[in-house]
Amino acid sequence: MWSLLKLKELEGASASASASASVCVSVSADLDEAVTCEPGMGLQRQLDPDPDGRAVAVAAAANGSPPPPNTLFTHDPRLSNKPPCQCSPSCQCLPCHLLSVSPPPRRRHPSPSPSPQRPLQQPLKLGVVYLLHAPPRPPSSLKMPVSSESTLAVPLQTLPPQPPSSRPLSRADKSRMLDNHHIFPFRRLQLLSLNRDVLKTISDFCAPGDALQLAMTCKDAYELAMPRVLSDVSIGDPALNDGPDRLGKFCTFMLAEPRRRIKHLRALRLLEGAFARVTSVGGRERLDADFSSADVLANLLRHADNLRLIHIRDAEALFQHHPAVYEALSQLTTLNEVSLYYIGNSTLKAISQLRSTPAVIENGLWKDGPRPQGDITPFGPFVDSLRHLKLWECGCMLESVIDRHVWPNLHTLDIGGRIAKISELAHAFPNLRRLTFYLEFSVKPETGPATCWPELDYLETSAPIPSFPSPVRRLQLQYPLGSAPGPHSPSDLKTLPLMERTNPVVLSCTISDTASGTMLERMKSSMPSLRYLELVYTDGPCGRCGVQWQAFQNWTERYVDILRTTSLVGLCVGYAGAADPSSASETRRRRTHALARTLAKRVKSLQYIGIGTQDAEAGMYALDSAWYRVSSRPADENTTPVLETLSPAEGERVRETLLDTPREA
């Protein structure tokens with residue numbers, strides 16, 4: 001672990017090279033002794049450090065490890081009138097000019113404790129190197145915490161008195177030295193010296209991968225971070241092709257000390273490569289099943305009394321080959337979320353026998369031949385506990401029991417595949433608040449008047465549902481409008497009745513450049529309650545093609561007058577394209593601000609405006625936007641309103657508030 005802390009010398013520091021002998025102190029990795037080296041001297045035991053700690057540099061380095069290529073000089077002649085430390089050939093300490101470190105950022109105010117640094121990729125024996133320029137001080141001891149429970153007093157030796165500098169300091173030099181003395185006081189705080197409860201809270205906020213890197217630094221960090229590492233485990237990345245071996249080693253490791261280790265396990269995710277291995281047959285690669293670790297996994301599950309989440313990608317094949325796994329799974333009593341993919345009859349049996357009462361159940365992709373008609377649903381025992389149900393491409397699982405059960409506490413349903421009537425869903429889930437129709441799905445048509453929810457809070461759909469019978473506060477369309485040329489696209493014509501029936505307050509939609517002005521006019525008239533609009537412009541039918549700024553600006557200015565008579569409070573427009581790297585940030589800021597002023601001038605009701613680009617990897621409506629607030633509107637309608645630029649954090653808060661806009665009574 002490499003770090004650097006640069007402090008300025010005080011105003012009375014000497015400029016004499018003969019009196020500015022640098023002391024280079026090297027602390028060995030086992031922290032049992034400290035040695036120093038002065039110019040022209042060998043290694044010797046020293047006495048005391050500078051108690052005020054006015055050090056020029058502090059760096060942490062690996063003993064015996066070669067320095068990285070991006071080395072920096074720790075001695076800056078612009079900031080110090082002392083020569084650099086020059087150790088004798090017999091000195092074994094790390095030369096100051098080989099320290100590879102990055103200077104800390106300048107801050108206007110001191111921080112009470114430095115941020116934890118990024119841990120090493122591998123566990124290394126660490127040492128500490130101090131480079132000091134200091135006036136004499138009475139002997140004292142520097143306490144260096146080496147763990148959360150112990151400290152080490154490292155004796156150092158101070159320098160002889162130095163004559164005052166003959167060179168007068170300029171006003172800028174004085175200001176810079178005073179500022180830096182205030183910014184970087186010698187108050188170093190070791191991470192592991194914090195209270196154990198504080199350290200546990202910090203580790204709980206770390207991602208498991210970051211906690212693993214921290215655990216590799218030293219023994220104390222290992223004891224601190226390993227509970228977080230073991231709390232959330234994912235195994236089976238198909239790119240590694242070692243899922244079965246890795247799963248077996250993990251289970252063996254946990255079972256070696258079950259009382260100490262298994263109690264920390266909260267989430268276990270077995271991905272698609274956990275029970276598969278890539279093999280080559282006749283020069284062709286194929287994925288073959290490998291359940292060699294199933295037995296040890298079943299043994300681990302029998303002891304996983306604190307497990308809250310289980311995800312198994314190839315559930316049906318695993319349960320068929322090794323019933324002991326689902327038998328051990330069914331005996332767990334603390335599961336809160338159960339996620340099983342590639343399901344079949346064995347999976348349904350395992351779910352129906354669960355002793356736990358999960359709040360979230362996720363199933364995906366039926367993989368056991370045709371599903372028998374009239375089979376018993378596995379969800380019946382969880383009528384009171386179930387809060388969130390996800391049925392990806394297996395919505396048919398509800399067909400046989402949807403008339404016989406009511407889930408009063410379920411508030412979120414994500415469903416795909418063959419789906420029952422909307423009215424039947426409303427009967428089975430009367431208190432539903434969020435509904436998502438995922439990818440390919442089909443809904444049975446209603447045969448009579450549909451009695452559904454008074455209002456849904458959120459509806460997301462990947463295809464138009466023209467007969468959707470309930471109003472919706474927030475509507476999100478996961479397909480582009482105007483993807484087919486012409487004003488009579490079948491998808492667009494089915495979307496208009498959906499907008500009219502739902503009458504959303506918040507709408508997120510993607511519009512292709514082939515969408516007609518007539519379509520936009522009809523969209524506006526079908527949603528009189530609309531208050532916030534998120535709109536992504538694209539030039540491709542899939543909604544993910546690149547768009548240039550000029551095309552986006554021209555399209556926006558051409559159709560913005562359609563929104564003139566609306567009651568929009570907020571508008572966020574973006575385009576599916578990367579920012580132009582050839583233009584400077586100031587240029588992008590000016591043109592974004594100019595477009596926001598145009599929108600604010602033409603749409604009188606707008607109070608908040610966002611303009612940005614789409615991050616397709618993060619989501620269809622993940623926009624990196626610049627946000628503006630309309631601070632004042634002149635009485636003259638021809639005068640452009642005054643806009644206030646919001647910070648990214650303020651803009652994100654504004655967006656969240658607009659997404660939660662309630663329906664007016």
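Colleague: So two strands count as paired if DSSP finds at least two bridges between them. With that in hand, which residue stands opposite L533 in β21?

Modeller: L507 is the one opposite L533. Keep in mind that this is a predicted model. L507 belongs with strand β20, residues 506-512, which pairs with β21 in the parallel sense over 7 bridges.

Colleague: And β21 itself, how many of its residues are buried?

Modeller: All 7 of the 7 residues of β21 are buried, so the strand is largely enclosed by the rest of the structure. Y532, E534, V536 and T538 point one way, while L533, L535 and Y537 point the other, and every one of them is buried.

Colleague: Why do the side chains alternate like that?

Modeller: That is how a regular strand works, because its side chains alternate between the two faces of the sheet.

Colleague: Which strand do 6 bridges join to β21?

Modeller: That is β22, and the two strands run parallel. One bridge pair is V536 with G574, the latter in β22.

Colleague: How many residues of β22 are buried?

Modeller: 6 of the 6, residues 570-575, so β22 is also largely enclosed by the rest of the structure. G570, C572 and G574 point one way and L571, V573 and Y575 the other way, all of them buried.

Colleague: Which strand does β22 pair with over 6 bridges in the parallel sense?

Modeller: Strand β23, which spans residues 608-614. There, V573 stands opposite I611.

Colleague: Let me step back. How many helices and strands does the protein have?

Modeller: There are 16 helices and 25 strands. The protein has 665 residues, of which 46% count as buried. Of the contacts between residues at least 6 apart in sequence, 68% join residues at least 24 apart. The exposed area is about 32700 Å², with carbon and sulfur atoms supplying 53% of it.

Colleague: Now helices. At roughly what angle do the axes of α7 and α9 cross?

Modeller: Helix α7 (residues 294-303) and helix α9 (residues 323-330) cross at roughly 10 degrees, and their axes come within 8 Å. That makes α7 roughly parallel to α9, since angles under 35 degrees count that way.

Colleague: Which residues make the contact?

Modeller: From α7 it is A294, L297, A298, L301 and R302, and from α9 it is A324, V325 and A328. By class, that contact has 7 nonpolar, no polar and 1 charged residues.

Colleague: Which residues of α9 are buried?

Modeller: V325, Y326, A328, L329 and S330. Their cover includes α7, β12 (309-312), α8 (315-321) and α10 (345-352).

Colleague: I was looking at A350. Where does it lie?

Modeller: In helix α10. A350 has a relative accessible area of 3%, so it is buried, the cut-off being under 20%. Leaving out residues up to four places away in sequence, A350 touches F319, Y326 and S330. Between the C-alpha atoms of A350 and Q331 there are 9.9 Å, with the two residues 19 apart in sequence.

Colleague: One last residue: is N363 buried or exposed?

Modeller: N363 counts as buried because its relative accessibility is 0%. N363 is found in strand β14, residues 360-366. Beyond its neighbours within four places in sequence, N363 is in contact with L340, I343, I351, F379, K390, L391, W392, C394 and M397.

Technical notes
Residues numbered from 1 in each chain as written. Predicted model: local features only at pLDDT ≥ 70, side-chain atom pairs only at ≥ 80, totals over all residues. Heavy atoms only, no water. Helix = DSSP H or I, 4+ residues; strand = E, 2+ residues; numbered from the N terminus. Buried < 20%, exposed > 50% of the residue type's maximum accessible area, 1.4 Å probe, protein only. Contact = heavy atoms within 4.5 Å. Areas by Shrake-Rupley, 256 points an atom, 1.4 Å probe, with all protein chains shown as cover. Axes fitted to C-alpha atoms, helices over the stretch in contact; angles between N-to-C directions. Parallel < 35°, antiparallel > 145°, perpendicular 65-115°, else oblique. Nonpolar A, V, L, I, M, F, W, Y, C, P; charged D, E, K, R; others polar.
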